[in-house]
Amino acid sequence: MKLLAERMANLGSENAFRVGDDIRRAEQTGVNVIRFNLGEPDFNSPPFINKVAIEEISKGNSHYCNPAGLDSFRVAIARHLTRTREVPVDPEQIVVTTGAKPRLAML
């Protein structure tokens with residue numbers, strides 16, 4: 001029994017993965033590239049961020065959060081928008097995603 005339809009083979013890979021090959025070729029020719037592909041930065045996270053992450057994991061904070069984003073973060077965003085844009089925004093109107101592609105897929 002086939003688990004996937006044969007047409008799945010026609011999908012290929014996402015274009016974001018192909019950009020990596022272009023980046024490697026550019027770097028090999030001496031081009032200084034700042035990577036913005038696949039959300040993978042070309043630098044390590046700062047030590048103060050690592051420290052907080054380790055502390056939170058040690059406290060057991062290692063599970064998924066609300067799919068719309070952390071409530072405290074959404075409240076902060078709503079307050080900021082209300083204050084700086086003078087538009088009343090409720091935290092329930094805020095959705096935080098990990099990047100643009102997941103959100104675009106939700107439209």
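**Notes on a four-helix predicted model**

1. Arg 74 and Asp 71 sit three residues apart in helix 3 (residues 71-85), about one turn of the helix. They are joined by a salt bridge, with 3.2 Å between the closest N and O atoms. As a reminder, an α-helix has 3.6 residues a turn, so residues three or four places apart point the same way. Keep in mind throughout that this is a predicted model.

2. Is Arg 74 buried or exposed? Arg 74 is buried, because its relative accessible area is 4% and the cut-off for buried is under 20%. What else does the side chain of Arg 74 reach? The backbone oxygen of Pro 91, at 3.0 Å. So for this one arginine in helix 3 you have a low accessible area of 4%, a salt bridge to Asp 71 and a contact with the backbone of Pro 91. I'd start with Arg 74 when you open the model.

3. Helix 3 itself looks regular in length: its 15 residues reach 21 Å from the first C-alpha to the last, close to the 21 Å expected at 1.5 Å a residue. What follows helix 3? Glu 86 does, and its phi is positive, near 55°. Worth a glance if you are checking backbone angles.

4. On the overall layout, the protein has four helices and zero strands, and reading along the sequence gives α-α-α-α. Of its 107 residues, 9% are buried. Arg 74, at 4% relative accessible area, belongs to that buried group.

5. Back to charges. How many salt bridges does the structure hold? Five, the one between Arg 74 and Asp 71 being among them. In general, side chains of opposite charge can pair when their charged atoms come close. Another of the salt bridges links Arg 25 to Asp 22, with the closest N and O atoms 2.3 Å apart. Arg 25 and Asp 22 are both in helix 1, again three residues apart and about one turn of the helix. Neither partner is buried here: Arg 25 is partly exposed at 48% relative accessible area, and Asp 22 is partly exposed at 43%.

6. Glu 56 and Lys 59 make a further salt bridge, with 3.0 Å between the closest N and O atoms. Which class does each partner fall into? Glu 56 counts as partly exposed at 27% relative accessibility, whereas Lys 59 is exposed at 61%. The reason is the cut-off: exposed means over 50%, so Lys 59 passes and Glu 56 does not.

7. Helix 1 (residues 15-28) also carries Phe 17. Phe 17 is partly exposed, with a relative accessible area of 48%. Where does Phe 17 stand relative to Asn 37? The two are 20 residues apart along the chain, and their C-alpha atoms are separated by 8.0 Å.

8. Last, the pockets. The largest pocket has a volume of about 400 Å³. Of the 16 residues lining it, those closest to its centre are Tyr 64, Cys 65, Asn 66, Gly 69 and Leu 70. What is the make-up of the lining by class? Nine residues are nonpolar, six are polar and one is charged.

Methods: Residues numbered from 1 in each chain as written. Predicted model: local features only at pLDDT ≥ 70, side-chain atom pairs only at ≥ 80, totals over all residues. Heavy atoms only, no water. 1 Å grid on protein atoms, 1.4 Å probe; cavity = no way out; pocket = protein on both sides within 12 Å on 5 of 7 lines; lining within 4 Å. Points joined across faces, edges and corners; volume = space filled by probe spheres on them. Nonpolar A, V, L, I, M, F, W, Y, C, P; charged D, E, K, R; others polar. Helix = DSSP H or I, 4+ residues; strand = E, 2+ residues; numbered from the N terminus. Buried < 20%, exposed > 50% of the residue type's maximum accessible area, 1.4 Å probe, protein only. Salt bridge = Lys/Arg side-chain N within 4 Å of Asp/Glu carboxyl O. Expected span 1.5 Å × (residues − 1). Polar contact = N/O pair within 3.5 Å; in protein donor to acceptor, adjacent residues only side chain to side chain.
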